[in-house]
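Here is a short tour for anyone who likes to know how the numbers were made. Please keep the viewer open while you read.

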Amino acid sequence: MYNEVYGFSEDPFNLTPDPRFLFLAIGHYETLSSMISGIRERKGITMISADVGTGKTTLIHTLLKELSEKIKTAFVFNTKISFQDLLKYILLDLGVSVAKEDLTTLLVLFRQYLKKRMIADEMVAIIIDEAQNLEVEVMENLFRLCSEESSAAKLVQILLVGQPELEAKLDSPKLQAFKDRFVIRNHLKPLNQKESKEYIEHRLKVVGSSSSKVFTPQAIDRISKFSNGIPRVINILCDRALLTGYGTYSQKIDEAIVKETIKELSHLKSHWTVRHRWVRPRYAI
């Protein structure tokens with residue numbers, strides 16, 4: 001709606017995860033590096049936790065583009081499911097035809113698939129978004145399946161991405177037997193204020209514009225402070241402010257427009273509770 005008025009080639013603050021808009025702040029760069037190395041270097045199980053709206057799904061889509069064809073990937077994002085359904089979704093995403101859906105058949109198909117990948121000198125990466133919703137028993141069965149004493153099972157790398165509650169689940173007594181496989185555990189922190197401003201500039205640059213053309217410095221400062229460094233909040237706030245500016249024929253989004261927008265979206269402040277902590281990647285020695 002406002003793209004033509006402000007000279008954008010497309011919506012700069014769309015909420016759909018898109019690797020083209022990825023802004024690699026230090027935390028995002030280190031998290032993406034952890035994800036890539038965890039799989040490529042066969043670390044076992046990599047865990048990434050982050051608060052809602054920090055960009056973890058965008059990192060997953062970027063990761064999928066970075067992996068070579070020798071790494072076959074299964075991407076699961078519907079996680080309130082049984083182990084049987086999880087295994088079925090993994091097989092389907094790997095391109096395996098599933099005629100029968102009973103657990104025994106699914107296990108046989110999975111093991112057969114791994115043997116074929118071993119012969120072809122390939123790897124398998126199981127990437128699970130919203131992993132905090134997995135039941136501990138489901139994780140236990142998945143880890144056990146991928147920890148079997150066979151050469152084929154060792155091809156499987158698991159990436160769990162989810163909200164901070166995921167960390168507590170991984171520390172469950174039922175999963176202690178697999179603790180030595182949790183080689184990388186990383187918490188993605190929100191953007192700081194400087195990075196928040198750079199994030200806005202980056203997204204505008206992708207659509208052929210710049211922050212100086214669209215926002216006043218005071219407006220960007222207000223957006224950065226209110227967002228607490230959560231990219232999704234920045235996107236929502238910028239999009240609404242641009243809609244307001246379009247409706248009032250404003251050439252630039254100033255502080256007054258942003259203040260009014262913040263009033264309308266004040267619920268976002270309480271909806272996104274930011275945990276100000278950051279765990280650097282941990283590597284087993």
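Two cysteines make a good start, both of them buried (under 20% relative accessible area with a 1.4 Å probe, protein chains only):

| Residue | Relative accessible area |
|---|---|
| Cys 146 | 3% |
| Cys 238 | 0% |

The structure holds 0 disulfides, a disulfide being a pair of cysteine sulfur atoms within 2.5 Å.

A word on the source: this is a predicted model, in which local features need pLDDT of at least 70 and side-chain atom pairs count only at pLDDT 80 or more, while totals for chains, interfaces and linings use all residues. Residues are numbered from 1 along each chain as its sequence is written, and side-chain values use heavy atoms, without hydrogens or water.

Now to helix α2, residues 26–40 (helices are DSSP runs of H or I, at least four residues, and strands runs of E, at least two). Its 15 residues reach 21 Å from first C-alpha to last, close to the expected 21 Å, which is 1.5 Å times one less than the number of residues. Among the buried residues of α2 are His 28, Leu 32, Met 35 and Ile 39. The buried residues of α2 pack against α3 and five strands, β1 (45–50), β2 (71–76), β3 (123–128), β4 (156–162) and β5 (182–188), where contact means heavy atoms within 4.5 Å. After α2 comes Arg 42, with a positive phi near 55°.

Note on methods:
Buried means under 20% relative accessible area, exposed over 50%, partly exposed in between (1.4 Å probe, protein chains only).
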